[in-house]
Amino acid sequence: METKLTQLLNIKYPIIQAPMFLVSNVAMVTEGMKAGIAGCIPALNYRTLEQLRAAIIELKANKVEGGSYGFNLIVNKSNIKYKEQLRVLCEEGCDFIITSLGSPEETIKQAHKAGIKVFCDVTDLRFAKKVEQLGADAAIAVNNEAGGHRGNLTPQELTNQLSQALTIPVISAGGVGCKADIDKMISYGAEGVSVGSPFIASVEAGVTDEYKQACVDYGEKDIIMTERISGTPCTVINTPYVQKIGTKQTWIERVLNKNKKLKKWVKMIRFSIGMKATENAAKKATYKTVWVAGPSIEHTKAILPVKDIVANLVA
């Protein structure tokens, strides 16, 4: 399965274990590397810079031939830790950085100085062309089947558009739960795939057994969009608690969002409340379950080690 992505990262299979808030951890990425793929962790999974640095050092020690590791950076103003996180990543080194939600210009500049590749999340051709011009090493095409915050275009539409217009590799993100899905994305012009939701139900994932089991028990038809986590539509499992609280913003949030001066603050407050609810659901057994996942959990039939999930993806 050699592609431009396997060549870029020196990995066996063209798969990135997608960075997932609160879910991804060193153990998952280590096992992913051993299985021949790349793994990625959100820098925001670490509360302090010291914890982030320790994770990088551990992954560096765990690096194996055929595997690769990286970190995800939120690069807009909502992440007040961004510049310091970037500094630590460049000081310690990693194979790649994935940028989300903002301009990757500074990240590309600093990471390339440190010999780190930069892949950028994009949801449309306009932004994809911008990141290519800024020097991104690849574009991660986030389609409308991705878990969490997703794009608006289908995997075929987005991947086709980007692969025909860009000279850098396109990695398809969303809608991959089995080998047939990977083959489909490659046929659309992708050089690899980013896979998240199937790894939630891994033995190594740092979330509750209830969250993992939900990815086994629920399927594609149970994934819905909610605005109650970050103010931006996000895919979650349609649990009884999600049904109870609803999926739309409150009336006061809608009113305040119409005010340009207040809109930013409303989003920040909603993000803070929503992330706390998500953290509680991920880390504690609670009836207040807000479990983020994508439709590819349709293929999740059991809680398995990462190595077995990879084996199922490439078999």
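Two leucines in loops

Leu101 lies in the loop that runs between β4 (96–100) and α5 (105–113). The model is a predicted one, and Leu101 is a useful place to enter it. Its phi is positive, about 55°, although Leu101 is not a glycine. Is Leu101 buried or exposed? Leu101 has a relative accessible area of 53%, and the cut-off for exposed is over 50%, so Leu101 counts as exposed.

A second leucine can be read in the same way. Leu22 sits in the loop between β1 (15–17) and α2 (26–34). Leu22, which is not a glycine, has a positive phi, near 70°. Where Leu101 is exposed, Leu22 is buried. The relative accessible area of Leu22 is 11%, and buried means under 20%, so Leu22 falls in the buried class.

From these two loops we can turn to the whole chain. How many helices and strands does the protein chain have? There are 13 helices and 10 strands, among them the β1 and α2 that flank the loop of Leu22 and the β4 and α5 that flank the loop of Leu101.

The chain has 315 residues, and 52% of them count as buried; Leu22 is one of the buried residues. The accessible surface of the protein chain is about 14,300 Å², and carbon and sulfur atoms supply 53% of that area.

The last point concerns contacts along the chain. Among contacts with a separation of 6 or more, 61% join residues that are 24 or more positions apart.

Methods:
Residues numbered from 1 in each chain as written. Predicted model: local features only at pLDDT ≥ 70, side-chain atom pairs only at ≥ 80, totals over all residues. Heavy atoms only, no water. Helix = DSSP H or I, 4+ residues; strand = E, 2+ residues; numbered from the N terminus. Buried < 20%, exposed > 50% of the residue type's maximum accessible area, 1.4 Å probe, protein only. Contact = heavy atoms within 4.5 Å. Areas by Shrake-Rupley, 256 points an atom, 1.4 Å probe, with all protein chains shown as cover.
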